[in-house]
Amino acid sequence: MKKARFIPNLIYSIFAGLLIFSCTGDGEDTDPTQMNFDLLNGKWSITQEVRKIFDADGDLVDTETESNDKNEFTIEFLSASTARIIQVEEGMWAEADYTLNKADSTLSISFSFGGEDMDITLKILNLTESAASLLEEGTENYDGSNYNYESTITISKNDSSIPEITAAELKGKWSMASQT
């Protein structure tokens with residue numbers, strides 16, 4: 001159940017994460033007026049997500065850390081408002097619309113993945129040419145109880161050609177004549 005809940009959130013995070021990375025050493029967010037948002041253009045891979053889960057009283061309940069291969073989850077910003085998200089392991093991809101609010105350093109992404117419509121908002125904590133750090137906050141209901149979470153997503157610039165849509169399409173068992 002934990003993994004099933006984690007994958008959709010990770011996918012959301014991937015979209016946002018690919019836009020940003022690299023926290024400052026002092027734990028402070030970068031001033032949005034100092035960020036070059038043009039650096040978001042191109043292909044990014046989610047390399048890590050650290051998810052902290054809090055109960056209704058604000059007490060830390062659990063911390064989950066998920067590390068990913070460089071090309072497992074990828075987002076490519078294609079224009080000023082469209083992106084492509086690829087999850088290689090599941091063989092899935094989606095076209096996405098996004099809005100970047102430079103004044104408050106937030107990225108809002110909308111897409112449909114696996115038949116589920118998703119809307120996520122991420123705060124860009126830091127952005128460099130090669131990495132970014134994003135924050136997603138929200139509430140989840142698990143077994144009838146509400147839990148708040150904070151996911152810090154690390155993304156890295158992906159300058160390789162992997163994964164391409166064709167790589168995602170190749171998932172499955174193949175024989176010389178047909179897919180089985």
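## Salt bridges at a glance

The structure holds 4 salt bridges. Since this is a predicted model, let's treat the contacts below as features of that model.

## A network around Arg51

A good place to start is Arg51, which pairs with Glu140 in a salt bridge whose closest N and O atoms are 2.5 Å apart. Glu140 belongs to strand 8 (residues 131–142) and Arg51 to strand 1 (residues 42–54), so this pair ties together parts that are 89 residues apart in sequence. Arg51 counts as buried because its relative accessibility is 1%, and Glu140, at 13%, counts as buried too.

Arg51 also forms a salt bridge with Glu49, with 3.9 Å between the closest N and O atoms. Both of these residues are buried.

## Ser151 joins in

Now meet Ser151, found in strand 9 (residues 145–157). Its relative accessible area is 0%, so Ser151 is buried. The Ser151 side chain makes polar contacts with the side chain of Glu49 at 2.8 Å and with the side chain of Arg51 at 3.0 Å.

## A pair elsewhere

Another salt bridge links Glu95 and Arg84, their closest N and O atoms lying 3.1 Å apart. Glu95 sits in strand 5 (residues 92–101) and Arg84 in strand 4 (residues 82–87), so the pair ties together parts that are 11 residues apart in sequence. Glu95 is partly exposed, with a relative accessible area of 48%, and Arg84 counts as partly exposed at 23%.

Coming back to the earlier group, salt bridges that share partners join Glu49, Arg51 and Glu140 into one network.

Notes
Residues are numbered from 1 along each chain as its sequence is written. This is a predicted model: local features need pLDDT of at least 70, side-chain atom pairs count only at pLDDT 80 or more; totals for chains, interfaces and linings use all residues. Side-chain values use heavy atoms; hydrogens and water are left out. Helices (H or I, at least four residues) and strands (E, at least two) are DSSP runs, numbered from the N terminus. Buried means under 20% relative accessible area, exposed over 50%, partly exposed in between (1.4 Å probe, protein chains only). A polar contact is a pair of N or O atoms within 3.5 Å; within protein, one must be able to donate a hydrogen and the other to accept it, and residues adjacent in sequence count only if both atoms are side-chain atoms. A salt bridge is a side-chain nitrogen of Lys or Arg within 4 Å of a carboxyl oxygen of Asp or Glu.
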